[in-house]
Amino acid sequence: MASSATGKLPPQPIQDGLGNRFWTKYTKEWTQALYSPFVVSLAAGNLELDTFRDYIAQDVHFLNAYVKAYEMAEDCSDDDDAKVGIRKLRKSVIEELKMHDSFVREWGFDLPKEISPNSATLKYTDFLIASASGNVQGVKALGKLATPFEKTKLAAYTLGAMTPCMRLYAFLGKTLDALLNLHDGIHPYQKWIENYSSNYFQAAALQTEDLLEKLCASLTGVELDIIEKLYHQAMKLEVEFFLAQPLAQKTVVPLTKEHNPAEHCLMLFSDFDLTCTVLDSSAILAEIAIVTAPKSDQNQSENKLARMSSVDLRNTWEELSKEYTEEYEQCVESALLCDKEAKFNYEKLRGALELLSDFEKKANLRVIESGVLKGLNVDDIKRAGERLNLQDGCTNFFLNAARNDNLNKNINVLSYCWCGDLIRSSFSSGGLLDAVNIHANEFVYEDSISTGEIVKKVESPIDKVEAFTNILQNCCKDKKTLTVYIGDSVGDLLCLLEADIGIVIGSSPSLTRVGSHFGVSFVPLHPGLVQKQKEFTEENSFGWKGKSGVLYTVSSWAEIHSFILGW
């Protein structure tokens with residue numbers, strides 16, 4: 001699809017409008033498009049010309065469907081301003097169709113006069129025209145005596161099916177335009193990128209969202225739900241179109257594309273707290289302890305599992321938390337007292353993190369001696385784990401990895417968490433527990449009640465990396481392994497760097513500070529993959545290797561899923 005629009009660029013999109021809300025909600029879908037082999041290869045500038053020619057030929061069918069849909073929406077709209085806006089958008093697509101031949105000649109080829117739409121193209125164009133015709137699930141067909149308001153709803157439905165595609169192309173244009181500096185000389189597809197990153201096209205995308213907002217102003221909640229379903233379906237079909245583009249070349253995405261289960265083993269490792277979870281597990285255990293604690297010291301019998309009152313517990317937790325935070329920050333500062341490394345230096349980093357390891361173990365000992373972990377019922381812990389909020393897309397990633405029969409994999413969670421039962425219960429849905437190996441500390445229980453003691457297994461960065469190494473040494477010995485570690489904190493740094501691919505999720509300032517001090521480079525994952533794709537030749541493979549000093553950063557599990565597993 002390609003389009004342009006005249007006029008000034010609107011100052012910014014409607015922040016709380018439907019377009020912005022839906023775009024945010026369906027991050028997973030547009031992330032799949034961004035990480036698709038077609039888009040990554042296009043961004044890298046080494047997409048094969050035949051593939052691009054096929055894509056452009058299919059794009060003509062999209063443009064023709066857009067012209068027809070805009071015309072139908074204009075006929076249905078009862079608002080004069082909306083009519084004018086739709087008419088401008090339709091005319092810009094007609095102009096784009098006229099320019100199509102001149103564009104493709106610059107790319108060195110002519111389009112065939114007759115080319116049939118492929119199945120992915122047909123799915124979207126048929127869906128778009130059906131939406132514009134009122135052939136929408138849950139919507140009564142319009143009769144000959146349809147009111148102007150009923151017709152306006154059809155215009156809204158049409159824009160609902162077009163808006164995500166406009167927003168997606170505007171987003172891809174801007175994102176790829178920012179990567180042009182990775183290319184030496186003129187990018188072979190620079191004209192395409194410039195078209196979609198231009199103010200004209202950005203204005204068209206924003207104008208489409210603005211029109212959608214106006215046409216939906218008087219719709220009911222049920223009708224707005226239909227708009228959202230159309231938006232979501234249109235986005236999925238557009239993503240399917242990108243994924244359907246035939247590529248004969250090797251691509252860096254998805255990571256598992258060249259995986260042969262008979263020869264390879266994918267070793268997946270992940271931290272738990274704030275990598276998988278929204279809240280730190282210590283805060284969750286603290287809340288369980290406080291909520292289930294007696295109101296006062298007099299309400300319990302004298303025994304070795306006697307607990308503090310809820311008030312004393314809360315005060316003790318707050319003191320422990322404050323003390324931990326202050327000492328942790330001091331420990332990080334101490335690790336940075338040495339001179340900053342000009343190049344990546346793993347050994348010096350490990351030496352610095354040994355100080356942090358000593359601190360973590362002392363902090364755990366303080367918690368045990370305080371008695372705050374005493375008296376928790378294992379059933380309460382498991383129920384909390386089952387209700388634990390995980391990061392959006394995290395569970396889906398592990399489920400899809402576990403259920404992929406074509407993937408020879410070994411999935412591990414390495415965590416400082418004091419209680420392995422909390423982690424296991426959080427992974428209990430969908431049979432996931434059987435597929436994930438949990439490596440964490442464990443509570444000691446007497447008759448299902450915690451004694452306050454901990455079986456210490458993984459307390460520090462050094463413990464983590466030693467567990468990581470031991471797992472690798474004892475797994476998939478007869479296979480070629482590829483290791484991926486996903487983490488978010490300083491405690492994960494050594495494992496992230498030991499892995500063939502280290503992925504940092506979120507934005508921990510302390511992790512970045514410590515890593516950068518010892519020469520670690522942090523590269524956003526998508527630009528990093530584009531660079532990898534750009535550098536690929538038959539003689540030079542993609543070459544993932546541990547201790548490279550490069551870590552890749554992401555903001556969501558959707559990026560991780562798209563990169564490793566694809567779609």
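## A tour from the largest pocket to the sheets

Begin by selecting helix H12, which gives the most to the lining of the largest pocket, with nine residues. The model on your screen is a predicted one, and the largest pocket in it has a volume of about 1100 Å³. To centre the view, select Asp273, Leu274, Asp280, Ser282 and Tyr324, which lie nearest the centre of this pocket among the 43 residues that line it. Colour helix H11 (281-292) and helix H13 next, since H11, H12 and H13 each supply at least two residues of the lining. If you then colour the lining of the largest pocket by class, you will find 15 nonpolar, 14 polar and 14 charged residues.

Keep H12 and H13 selected for the next stop, a cavity. The whole structure holds two cavities of 30 Å³ or more, and the second largest cavity contains about 40 Å³ of space. Helix H12 (310-335) and helix H13 (346-370) each supply at least two residues of its lining. To see that lining in full, select Cys331, Val332, Ala335, Ala352, Leu353, Leu356, Val490 and Val514; by class, the lining residues of the second largest cavity are eight nonpolar, no polar and no charged.

Now hide the helices and turn to the seven-stranded sheet, an open one in which the strands follow the order E4-E3-E1-E7-E8-E10-E9 with parallel pairing. Strand E4 (436-439) and strand E9 (521-524) are the edge strands, each of them pairing on one side only. Looking across the sheet, you should find a twist that averages 25° from one strand to the next.

Two pairs of strands in this sheet can be followed residue by residue. Select E1 and E3, which pair in the parallel sense over five bridges, and find Ser270, which stands opposite Val413 in E3. Then move to E7 and E8, which pair in the parallel sense over four bridges, and where Val484 stands opposite Ile501 in E8.

Stay with strand E8 (residues 501-505), in which five of five residues are buried. Both of its faces are covered, with Ile501, Ile503 and Ile505 buried on one side and Gly502 and Val504 buried on the other.

Bring back helix H15, which packs on the sheet by touching E1, E3 and E7 and whose direction makes about 150° with that of E3. Within H15 (residues 394-403), select the buried residues Cys394, Phe397, Phe398, Leu399, Ala401 and Ala402; the buried residues of this helix pack against strand E1 (264-270), strand E3 (409-414), strand E7 (480-487) and helix H21 (557-564). Then go to helix H20 (residues 525-535), which lies across E9 and strand E10 (550-554) and runs at about 90° to E9.

The last stop is a sheet of three strands, also open, with the order E2-E6-E5 and antiparallel pairing. Strand E2 (374-377) and strand E5 (442-446) stand at its edges with a single partner strand each, so one side of each is left without a neighbour in the sheet. Neighbouring strands here are turned by 55° against each other on average, with direction ignored. To finish, select E5 together with strand E6 (residues 449-455), which pair in the antiparallel sense over four bridges, and zoom in on Tyr445, whose bridge partner in E6 is Ser450.

Definitions and conventions: Residues numbered from 1 in each chain as written. Predicted model: local features only at pLDDT ≥ 70, side-chain atom pairs only at ≥ 80, totals over all residues. Heavy atoms only, no water. Pairing = 2+ DSSP bridges. Axes fitted to C-alpha atoms, helices over the stretch in contact; angles between N-to-C directions. 1 Å grid on protein atoms, 1.4 Å probe; cavity = no way out; pocket = protein on both sides within 12 Å on 5 of 7 lines; lining within 4 Å. Points joined across faces, edges and corners; volume = space filled by probe spheres on them. Nonpolar A, V, L, I, M, F, W, Y, C, P; charged D, E, K, R; others polar. Buried < 20%, exposed > 50% of the residue type's maximum accessible area, 1.4 Å probe, protein only. Contact = heavy atoms within 4.5 Å.
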